[in-house]
Amino acid sequence: MIKRYASLSDSKVIKLKTEILNRLPDNKNELLNKYPLDTYLKFLNAYPVISDYKYVSPHVNDWCNKITSEYGKQSLHLYHQLLLMELIQNNYDEAVNYPEPIGKYYDLNFNRIFNNIDTNANTLQHYDYISDRFNKELSICTLKMIPTGARKIHLDRMPLIRILLNNDWRHLFFNLIPILHKLKGLKPIYHQHLDSNDPDLMAEFSSEGWVRHYKAVGKLLERQSNIKGIMGISWYYDPNMATISPHLAFMTKLVIQNGGGVFRFGQKQQAIKNATLYSKHRKNLFLKGKYEPINFLLIWPRNSLLQWLKNTQTQ
């Protein structure tokens, strides 16, 4: 197999693995013999195909707790750095040969993860097994999560019960039923996520980047007839963004205009925190009672997305 992108060589990864080993305590041989990386990799390979990227199996949870108890948290964090390098070394060829531009995005992600460890750019706490940042990086390195530019996606199932509990019957009847008819099933469906710790992804946070993201997803769907479509959960999928924060409206407009839908999802407190964190405008509206942040679920069925992709290619 020919590497389409080969900016991260085996020799660089091997060298960094040696440096990480040198950062481990003097009893590192005992640690690695008692808790071999190969066993951890087997635990990861046994993860459900359809699950949250933050899923931690009982085996991994027990493994990490034992390492922490016997060798300390710092040793676990360095152990996880070594694990990420092992996964990159094992999965690099497969990842960079994904269809364009996904192979390029994997290469960018692997290089970022490598460089952060190489330069100690992150604190060791970022490599805790309960850290959101680590779980996203681990999911990228296991190829469970796929980088698509402005977002990262993984296989999940549509949370139908949550939708039914948070929306009135009129919206469900006139909007959800047509969506369900198009989906023809609740799983597997791609679930898209923001990763604010990835500067390459954040550079794509624009209407143009959003289009490139969905084109990349469309190319995947063309190859995967079993995937029902794509969904996302966030406060910024609120249809009211058109008046509250018009610069964010593009994230729902494109989908709704091309066969997708948006539904209330709840999680009010988390939505308030995220929606008001970096915006004085939204925070002031919230404090004045003029805006109530709430999470919304965005759904775009595969056939609608693929029809949009076809239309863009003929324009």
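**Strand E2 and its place in the sheet**

In this predicted model, strand E2 (residues 152-156) is mostly covered, with five of its five residues buried (under 20% relative accessible area, where over 50% counts as exposed and values in between as partly exposed; 1.4 Å probe, protein chains only). Strands (E, at least two residues) and helices (H or I, at least four) are DSSP runs numbered from the N terminus. Residues are numbered from 1 along each chain as its sequence is written. Local features need pLDDT of at least 70 and side-chain atom pairs count only at pLDDT 80 or more, while totals for chains, interfaces and linings use all residues; side-chain values use heavy atoms, leaving out hydrogens and water.

Side chains in a regular strand alternate between the two faces of the sheet. Here, Lys152, His154 and Asp156 point one way from E2, whereas Ile153 and Leu155 point the other way, and all are buried.

What, then, does E2 pair with? Strand E1 (residues 146-147) runs antiparallel to E2 and is joined to it by two bridges, pairing being defined by at least two DSSP bridges between two strands. Ile153 is the bridge partner of Ile146. Four residues lie between the strands of this hairpin, and Gly149 takes a positive phi near 100 degrees. With strand E3 (residues 189-193), E2 pairs in the antiparallel sense over five bridges, and there Ile153 stands opposite Gln192.

Stepping back, six strands form an open sheet of mixed pairing, in the order E1-E2-E3-E4-E6-E5. E1 and strand E5 (261-266) are the edge strands, each pairing on one side only.
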